[in-house]
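Trainee: I'd like a close look at one single spot in this protein. Could you walk me through it, and show me how it sits in the whole chain?

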Amino acid sequence: MLLMGLLAFNTSLSHAEMTIEITEGIESAVPIAIVPFALQSPAGAPVAISAIVNSDLGRSGYFRTLDEQSMPAKPGSAQAVNFKDWQAVGQNYLVIGQVSEDRGQYNIQFQLFDVYKGEQLMGYRMTSSPAELRRTAHHISDLIFEKLTGTKGVFSGRIAYITSTGQGKRSTHKLQVADADGFNPQTIATSVEPLMSPAWSPDGRKMAYVSFERKSPAIYVQTLATGERVKVADFPGINGAPAWSPDGAKLALTLSKDGSPDIYVLNLITRSLVKLTKSYAIDTEPAWSPDGSAIVFTSDRGGKPQLYSMPSQGGLEKRLTFSGDYNARASFSPDGKNIAMVHGNGGDYRIAVMDIATRSINALTAGPSDESPSFAPNGSMILYASQKGNTGFLSAVSIDGKMQQKLVFDSREVREPAWSP
């Protein structure tokens, strides 16, 4: 989990390389019908917006969408809606919309209705270029999700991950970024050497990662829009586990240039380097608290890997975890109230969440080989990597453990996921 590798920026887009399977849903999922949006353009639209909204809400686990063949009607306007028809098929909510084209731009209108109250809950008009239609559809999903759940949606977000194909000297490793539903994957870096630990900058514009392209690890920061990259750490020994400060001005990282691996903070503006830990043990995997005041890291100074915390400016270190013989790879929830981690007992590794206030730990996944947790920007889901046999794949679990998804890729191995801010 410590180190990394890369090369060759590629901005070309491809079709989806990932499908999402709901492996465990929420029993109280709310029935909702998303009617195919009425097309008021002879040429139609290059993207079926309503189908994307239907897929987003369905795979969230919080909603049970209605199959198109089971719809009693397909209204394109509020005047055409007969709420009794939708009550008869057990729907709580209804979404309708229209799409029209005007000089190369698309005008999208949608409305959300409460079926049993017979009233509109929300309505929006928006304009989109053809290239932005998928993003617009995800934005609509976010709006509906937040209106009905009170929690911000994450459908407009992106995920980063590492893929590996081939074996031995024929292996190819890629750092990729895709939409949250797996579409529009972009290859950020490619290498015959391993790539590891992608980390998003707080503004989502840059990626820090480690590369072994020169046979030894070095940390790079790459601007996603241009492909420009800068080597920021290339010290003797380990250069690993980069983590951005909340203001984007610093990186916490693991270096072994002075002997054993320790936590350092690198100022990306001045390039000054501050050593935070001074232990003979292995200190690694730093994670900043959302307010930037603290850094949580993994250390085996107590004999086995456990989580420790210290002020981000340096100071007293204190142990956070005592339950289990392995606790590592901390990831803070956006509100700073919880920490996701890899929680292990007897060689069984699961994703768990610790309530920082009470220090109670709740295991969310079944294991036995789960790793690399990453919180969604709304704090409701945790993305993580898992392994079965020789195949690595990604999964997501809700913070209460009730909803689980499996993300199925074309690649032999997928690992080290990171959800964008």
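Mentor: Sure, and let's start with the whole chain, keeping in mind that this is a predicted model. The protein chain carries 39 positive and 40 negative side chains, and the centres of those two sets are 4 Å apart. As for secondary structure, you'll find three helices and 31 strands. The radius of gyration is 23 Å, close to the 22 Å that the globule rule gives for 421 residues, so the chain is as compact as a globular protein of that length. Along the principal axes, its C-alpha atoms fill a box of roughly 75 × 45 × 40 Å. On the outside, the accessible surface comes to about 18400 Å², with 48% of that belonging to carbon and sulfur atoms.

Now for the spot itself: Gly-379. Look for it in the loop between β27 (370-375) and β28 (381-388). Gly-379 has a relative accessible area of 14%, and because buried means under 20%, Gly-379 counts as buried. In the chain as a whole, 52% of the 421 residues count as buried.

So who's around it? Setting aside neighbours within four places in sequence, Gly-379 is in contact with Pro-334 and Ile-399. Then check Lys-152: it's 227 residues from Gly-379 along the chain, yet their C-alpha atoms are separated by 9.1 Å. For the wider picture, take the contacts between residues at least 6 apart in sequence: 46% of them join residues at least 24 apart.

Technical notes. Residues are numbered from 1 along each chain as its sequence is written. This is a predicted model: local features need pLDDT of at least 70, side-chain atom pairs count only at pLDDT 80 or more; totals for chains, interfaces and linings use all residues. Side-chain values use heavy atoms; hydrogens and water are left out. Helices (H or I, at least four residues) and strands (E, at least two) are DSSP runs, numbered from the N terminus. Buried means under 20% relative accessible area, exposed over 50%, partly exposed in between (1.4 Å probe, protein chains only). Contact means heavy atoms within 4.5 Å. The radius of gyration is taken over C-alpha atoms; the globule rule is 2.2 Å times the number of residues to the power 0.38. Accessible areas come from the Shrake-Rupley method with a 1.4 Å probe; for residues, only the protein chains shown count as cover. Lys and Arg count as positive and Asp and Glu as negative; His and the chain ends are not counted. The place of a charge is taken as NZ of Lys, CZ of Arg, CG of Asp or CD of Glu.
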